[in-house]
Amino acid sequence: MLLTCQSGFEELLRAEAAARGLGAALASGAGWVLLEAKPGVGLPELCFAHRVLLEPAEIGADSVNALAGRLCDWFTASMRGEKVEGAWPSVWQAPIEIPGLGRRLGAVEDEFAVLLKKRFSRVAKLAAPELPRGTRTARGLFVFAADFGRVFAARSVWLGGQRRMADDPAAPSRSYLKVEEAFSILGREPGPGETVADLGAAPGGWSYSAAKRGAQVVAIDNGPLKGGALGHPLIEHRMEDAFHFRPAAGIPYDWLFCDMVEDPQRVLDLVTQWTRGRWCRHFVVNLKFGHADALALLDQVQRSSGSPLGDCAVAHVRHLFHDREEFTLVGTLAT
Ligand SMILES: C[S@@+](CC[C@H](N)C(=O)[O-])C[C@H]1O[C@@H](n2cnc3c(N)ncnc32)[C@H](O)[C@@H]1O
């Protein structure tokens, strides 16, 4: 299987896969790791993987036309006996770190579309270039360019749900993109009338994201709010230490947000207090692992009985498209 990730995080992905019992790494490059398949081992939810191409074919050729032709041969052979009734995802990806590779893959994709239209016009018309939303498995065509003459192609993919989000000029920080991406992975977002406690809120990207959806936010941070968060009628700014902030007795918040630059262990303990106490219904929490052992922290989050995930009906841990040396927990508590 081919696992893709944010460039620079291949080693962490490889180590995570090994720790979760997946096969040995056969090869890797910018933003990808190829693992040997281990029969009978199911695919666990991975944090650092953005996508997992299942049973990928490795296809090589020197020219755009030859590569498109081979891909089209492989794709049409793989479709034998399959009925295509509706739109299917055709998603082509190249690591941006290799200059010109995206343009080259775009040319292969265009030529592939021409060839497919000649052979199966109806199927070609139903191709949709958008990545399906959320975390799930999907069937279609998924192509990843490893270099100029070699692609991996698969018909089935596991999606972690990570994706580039659209910016908002009024958002006061780039962190805004993280919480937007986190909502898309959880499949739920704050709505009008819901309440949010935002711990470590400044300059206010996460608070702004919730307030623009009509939620009522308490933003806790000694730092100042800025941009669209400053003076927003739905955001109450409290200059307090978030480790001491508690909801009023018997009145839980709908959402806990937590994005503090603090020791991740301390943050995790705080969030567990919130989930054990049922002080919130949903959460988005970012843990910074810059000065910590990322894999040990991840293992603790995913397996320890004291983890907030143990209190959840739904939970995911992801290294987001917009994350750097950090990963993000999203969850909805069990009732
Ligand atoms: C990465 S920034 C948060 C960015 C924010 N999520 C946004 O979207 O703009 C981290 C914030 O955590 C705050 N912080 C760190 N420790 C804190 C504490 N004990 N109580 C409150 N805020 C804290 C810092 O002041 C800083 O503003």
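Contact here means heavy atoms within 4.5 Å. With that in hand, start with glutamate 97. This is a predicted model, so please keep that in mind throughout.

Glutamate 97 sits in the loop between β6, residues 88-93, and α3, residues 101-119. Setting aside neighbours within four places in sequence, glutamate 97 is in contact with Ser7 and Ala30. Take alanine 30: 67 residues separate it from glutamate 97 in sequence, and the C-alpha to C-alpha distance is 7.0 Å. Is glutamate 97 buried, partly exposed or exposed? Its relative accessible area is 43%, and because the partly exposed class runs between 20% and 50%, that is where it falls.

Next, a helix pair. Two packed helices are described by the angle between their axes and the distance between the axes. For α1, residues 10-19, and α8, residues 294-303, the axes come within 11 Å and cross at roughly 40 degrees. That makes α1 oblique to α8. The crossing of the two is right-handed. Which residues meet there? From α1 they are Leu12, Ala15, Glu16 and Ala19, and from α8 they are Ala294, Leu295, Leu298, Gln302 and Arg303. Sorted by class, this contact of α1 with α8 has six nonpolar residues, one polar and two charged.

Helix α8 comes up again with α7. Helix α7 covers residues 264-276, 13 residues in total, and spans 18 Å from first C-alpha to last, close to the 18 Å expected at 1.5 Å a residue. Its buried residues are Pro264, Val267, Leu268, Leu270, Val271, Thr272, Trp274 and Thr275. What do they pack against? The partners are α8 and four strands: β10 (195-199), β13 (253-258), β14 (280-288) and β16 (326-333).

Now the backbone, beginning just after α7. Arginine 278 is in the loop between α7 and β14. Its phi is near 55 degrees, a positive value in a residue other than glycine. Arginine 278 is partly exposed, at 38% relative accessible area.

Glutamate 55 also has a positive phi, about 45 degrees, without being a glycine. This residue lies in the loop between β4 (51-54) and β5 (57-60). With a relative accessible area of 76%, glutamate 55 is exposed.

Last, a peptide bond. Alanine 202 and proline 203 are joined in cis, with omega about 5 degrees. Where is proline 203? In the loop between β10 and α6, the latter being residues 205-211. Strand β10 has appeared already, as one of the elements that the buried residues of α7 pack against.

Note on methods. Residues are numbered from 1 along each chain as its sequence is written. This is a predicted model: local features need pLDDT of at least 70, side-chain atom pairs count only at pLDDT 80 or more; totals for chains, interfaces and linings use all residues. Side-chain values use heavy atoms; hydrogens and water are left out. Axes are lines fitted to C-alpha atoms, for helices over the stretch in contact, and angles run from 0 to 180 degrees between N-to-C directions. Angles under 35 degrees count as roughly parallel, over 145 as roughly antiparallel, 65 to 115 as roughly perpendicular and the rest as oblique. A crossing is left-handed if the near helix is turned anticlockwise from the far one by less than a right angle, and right-handed if clockwise. Ala, Val, Leu, Ile, Met, Phe, Trp, Tyr, Cys and Pro count as nonpolar, Asp, Glu, Lys and Arg as charged, and the others, Gly among them, as polar. The expected span of a helix is 1.5 Å times one less than its number of residues. Buried means under 20% relative accessible area, exposed over 50%, partly exposed in between (1.4 Å probe, protein chains only).
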